[in-house]
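Q: Could you take me on a close look at the interface of the two chains? I would like one connected account of it.

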Number of protein chains: 2
Amino acid sequence: MAYLLLKTRLALELPRINAALEEAEHTLPAPVQPVAHHIFNSGGKRIRPLLLVLVARLLGCQGDNVYRLAVTLEMLHAATLLHDDVIDDAATRRGRPAAHTLFDQTQTILAGDALLACGNALVADFQNTALSRSFSQATSETCAGEILEIAAQRDPELSLEQYLAIISGKTAKLISCACEMGALLAEASAQQVAAAAAFGEHIGIAFQLVDDAIDFAEEGVTGKPSFGDLREGKMTYPLRCYRQNLDSDARAHFDEQFRSAAFSPEACRAIAESVRRLGYDRSTRDFADSYLQQAEDNLMDLPDGKERTLLREMAAFVRERTK
Amino acid sequence: MAYLLLKTRLALELPRINAALEEAEHTLPAPVQPVAHHIFNSGGKRIRPLLLVLVARLLGCQGDNVYRLAVTLEMLHAATLLHDDVIDDAATRRGRPAAHTLFDQTQTILAGDALLACGNALVADFQNTALSRSFSQATSETCAGEILEIAAQRDPELSLEQYLAIISGKTAKLISCACEMGALLAEASAQQVAAAAAFGEHIGIAFQLVDDAIDFAEEGVTGKPSFGDLREGKMTYPLRCYRQNLDSDARAHFDEQFRSAAFSPEACRAIAESVRRLGYDRSTRDFADSYLQQAEDNLMDLPDGKERTLLREMAAFVRERTK
């Protein structure tokens, strides 16, 4: 059975993470608790809190306050999902109704604000300036990544550099922050803190690349609406490979459609089919692999311990996941 | 000339505050800078940064980093205004077009998030755990106040206690935080920090009470749309006085209309006219006065210095302002 060690540890850690999350939920203003409860129970994998816990334990952190810190990342992540739902006006998230279809827009926006504010206050309670800086920096960068992504929508000529800056901001910074905060809580050396942050950044980018590949999977395989990125005008890595390999007439036609968001459902399906047939989802996973290699190198700067093995398994899981 | 000392000092401080604000604006992601620029230049009085600067100087803080800290409060304040504009779907703010009518909703929500995140990161850069806790606590409480206010909308039986909890949260906590952070930056004693925070809390509540009185002013006198609170179903202090003094039939009719937000423009005008004629705007200012008295008492726990005179003038200004 694959990932046996990781799954066993997950089974131990998840109840503790979920208990801390429930406790954090009760620090929110009562009217927005149902919104937070909904988003916390929408099938999230708790990857960010789990990474924080594993890194902290690997570096010798004892005690239970690690869970209180870990859930601040899930709160920040949930805040971004709630505001995204309002912004994208998406009907579903992970196959379930999006928050703003169950609660009104006002509640959804305010719940996001409250999650961000309370997450931040929980970090401040640790009275550790390095933790506060890491968290607030990650918040800024996550927000900036999202803003850059929206500004880049429907631009078929988005450079690879810009694309990487977007996914680093919107996804990798928060995952990197999880690992960095775990190391900071454990009072690790500056070198270990930097290695943990770099590990997180690299698996974060790989995570988003694989996500972008999954967006072109056959319909019904994932819990998400299919081809969302294509419909929303996001020039992700697999789509970029597809566009680059079109001849110039086809590319001009594609660009025109992409700029005006004019793809029919049939056109989306045909493009996705080509992406898979031509192996661009596979190239995307290969590109992700190059980041996972770097992530594994970063692990070598952390102590040899059972959590290091688990972190390596997590990297493998990022590579192979299909939804 | 009234407030001569205060006006002279304002003329000295405002350019420095505005310069720091402009610098902070440039730390935001480029696509949302125009939104921040708009909200920063929409007629705000810079009361929060000014209070921070005055308290810090009174308590002996030298140097220019006080301005960098002061503007984080204006950033947080601006963030709440932007999200409010989206939530209330208001067409104007302070007589000018609201942000979400000039920029789209997505940009407005994200600009609010970015302002909150960057404000927080600027505070974290001070590497002072007390400052970080004060700021994040104020953010949480401001957010909670807003949520409570919305949950209480159209409830004619809102208690005075609940009303005070709402205005303390949505307005006073941030003003209190401004004074507290000024004292913390000056490394004042715990007693002085507490006195500064209490001073801010008291003038903050008075500020909001006066604001709620101004909402019933004659149309065209203020820069705001008239009777906004009545139309939005906010049971503010002057409206509460009005309702309490209705006979039981009239009150039942009022409650029914209030619950269903059914007041016509003529009905709003008539109620506002009654509020003024019966002196409930004046009672509201008298009630505010009781908080300003307490604020003045709090000042006695701070050193005698020229800024203390200015803080006393600010309290008088809060009492007498008409828009």
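A: **The contact of chain A and chain B**

Happy to. Chain A has a mean pLDDT (the predictor's confidence in each residue, from 0 to 100) of 93, and 98% of its residues reach 70 or more. This is a predicted model, in which local features need pLDDT of at least 70 and side-chain atom pairs count only at pLDDT 80 or more, while totals for chains, interfaces and linings use all residues. Residues are numbered from 1 along each chain as its sequence is written, chains are lettered from A in the order in which they are written, and side-chain values use heavy atoms, with hydrogens and water left out. For the complex, the predictor gives an ipTM of 0.89 and a pTM of 0.91.

Now to the contact itself. With contact meaning heavy atoms within 4.5 Å, 34 residues from chain A and 34 residues from chain B take part. About 3000 Å² is buried between the chains, 70% of it from carbon and sulfur atoms; buried area is the accessible area (1.4 Å probe) that two parts lose on being put together, summed over both. Leu110(A), Arg133(A) and Ile147(A) supply 18% of the area that chain A buries against chain B, more than any other three residues.

There are two salt bridges between the chains, each a side-chain nitrogen of Lys or Arg within 4 Å of a carboxyl oxygen of Asp or Glu. In a salt bridge, the side chains of Asp125(A) and Arg133(B) meet at 3.0 Å, N to O.
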